[in-house]
Structures are given as C-alpha cells and as structure tokens.
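Here are some exercises to work through with the structure open beside you. Try each task before you read the solution under it.

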Amino acid sequence: MPRDLIASPKSRFLEVKCTGCGNQQTVYSHSARVVKCRVCGAELAKPTGGEAEILGETVAVH
Ligand SMILES: [Zn+2]
C-alpha cells in the first residue's frame, strides 16, 4: 500500500531560516502551498503532495 496515500501522523511545525535574508518563520511540515519568506519573498517550502520540501534551513522543530 503506498504510504503517501495515508495521512501522516508526523506533521509538525518547523522553524525555517531563510537563506536569503536570515529571517526565521514557522512553516507547516505538510504545507499544501508554497511558503514564502515574509521579508524577502524567497520560497521557504513547496508542496510535494506529502511532506513539503524545505528550501530554507530548518533550525527547530516544534
Ligand atoms: Zn528572506
């Protein structure tokens, strides 16, 4: 059974640091939409259908 069709219990909130400007903001690990830095607009995460691909630097997990 494909694992990606099952709702993951591992969803969490990540503190992601923008590699462009150093801003840190909270990103949902399974975000279904592109998350952009609120300061410079760089993409911090993008959806993959499951766990979002984090494009910045994860500095903490909540
Ligand atoms: Zn930024």
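**Exercise 1. Get an overview**

Task: Count the helices and strands in the chain, and give the order of the elements from the N terminus on.

Solution:
- Step 1. Keep in mind that you're looking at a predicted model. The chain has 0 helices and 6 strands.
- Step 2. Walking along from the N terminus, you read β-β-β-β-β-β.
- Step 3. Now for some totals. The chain has 62 residues, and 26% of them count as buried. Its accessible surface comes to about 4300 Å², with 51% of that belonging to carbon and sulfur atoms.
- Step 4. Take the contacts between residues at least 6 apart in sequence: 30% of these join residues at least 24 apart.

**Exercise 2. Sort out one sheet**

Task: Work out the strand order of the open sheet that holds E1, E2 and E6, and say which strands stand at its edges.

Solution:
- Step 1. Start with E1 and E2, which pair in the antiparallel sense over 5 bridges. Within this pair, Lys17 stands opposite Gln24 in E2.
- Step 2. Look at how these two strands connect. E1 and E2 form a hairpin with 6 residues between them, and Gly22 in the turn has a positive phi of about 85°.
- Step 3. Next, E1 also pairs with E6, again antiparallel, over 4 bridges. Here Leu14 stands opposite Val61, and Val16 has Thr58 as its bridge partner.
- Step 4. Put the pairs together and you get the order E2-E1-E6, an open sheet of 3 strands with antiparallel pairing.
- Step 5. E2 and E6 (57-61) are at the edges with a single partner strand each, so one side of each has no neighbour in the sheet.
- Step 6. Ignoring direction, neighbouring strands in this sheet are turned by 40° against each other on average.

**Exercise 3. Sort out another sheet**

Task: Do the same for the open sheet that holds E3, E4 and E5.

Solution:
- Step 1. E3 and E4 make an antiparallel pair over 2 bridges, in which Val35 stands opposite Ala45 in E4.
- Step 2. The hairpin of E3 and E4 has 6 residues between the strands, and Gly41 takes a positive phi near 85° there.
- Step 3. E4 also pairs with E5 (residues 53-54), antiparallel and over 2 bridges. Lys46 stands opposite Glu53 in E5, while Ala45 has Ile54 as its bridge partner in E5.
- Step 4. This hairpin of E4 and E5 has 6 residues between its strands too, and Gly49 takes a positive phi near 100°.
- Step 5. The order is therefore E3-E4-E5, an open antiparallel sheet of 3 strands. Its edge strands are E3 and E5, each of which pairs on one side only.

**Exercise 4. Take a look at the zinc site**

Task: Find the protein donors of the zinc ion and explain why their arrangement counts as tetrahedral.

Solution:
- Step 1. The protein donors are the SG atoms of Cys18, Cys21, Cys37 and Cys40, lying 2.3 to 2.4 Å from the zinc ion.
- Step 2. Check the angles. The 4 donor atoms subtend 102 to 118° around the zinc ion. Four donors count as tetrahedral if all angles lie between 85 and 135 degrees, so this site is tetrahedral. For reference, the ideal angle for four tetrahedral donors is 109.5 degrees.
- Step 3. Follow the donors along the chain and you'll find the spacing C-x2-C-x15-C-x2-C.
- Step 4. Cys18 sits in the loop between E1 (13-17) and E2, and Cys40 in the loop between E3 and E4 (43-46), so this pair ties together parts that are 22 residues apart in sequence.
- Step 5. Compare how covered these two are. Cys18 counts as buried because its relative accessibility is 2%, whereas Cys40, at 42%, is partly exposed.

**Exercise 5. Place a loop residue**

Task: Locate Ser29 and decide whether Ser29 is buried or exposed.

Solution:
- Step 1. Ser29 is found in the loop between E2 (24-28) and E3 (35-36).
- Step 2. Its relative accessible area is 0%. Buried means under 20%, so Ser29 is buried.
- Step 3. What is Ser29 in contact with, leaving aside its neighbours within four places in sequence? The list is Lys10, Ser11, Arg12, Leu14, Glu51 and Ala52.
- Step 4. Leu14 is a residue you've already met: Leu14 stands opposite Val61 in E6.

Definitions and conventions. Residues numbered from 1 in each chain as written. Predicted model: local features only at pLDDT ≥ 70, side-chain atom pairs only at ≥ 80, totals over all residues. Heavy atoms only, no water. Buried < 20%, exposed > 50% of the residue type's maximum accessible area, 1.4 Å probe, protein only. Contact = heavy atoms within 4.5 Å. Donors = N, O, S within 2.8 Å, 3.2 Å for Na, K, Ca; no water. Tetrahedral: all angles 85-135°; square planar, octahedral: opposite > 155°, others 65-115°. Axes fitted to C-alpha atoms, helices over the stretch in contact; angles between N-to-C directions. Areas by Shrake-Rupley, 256 points an atom, 1.4 Å probe, with all protein chains shown as cover.
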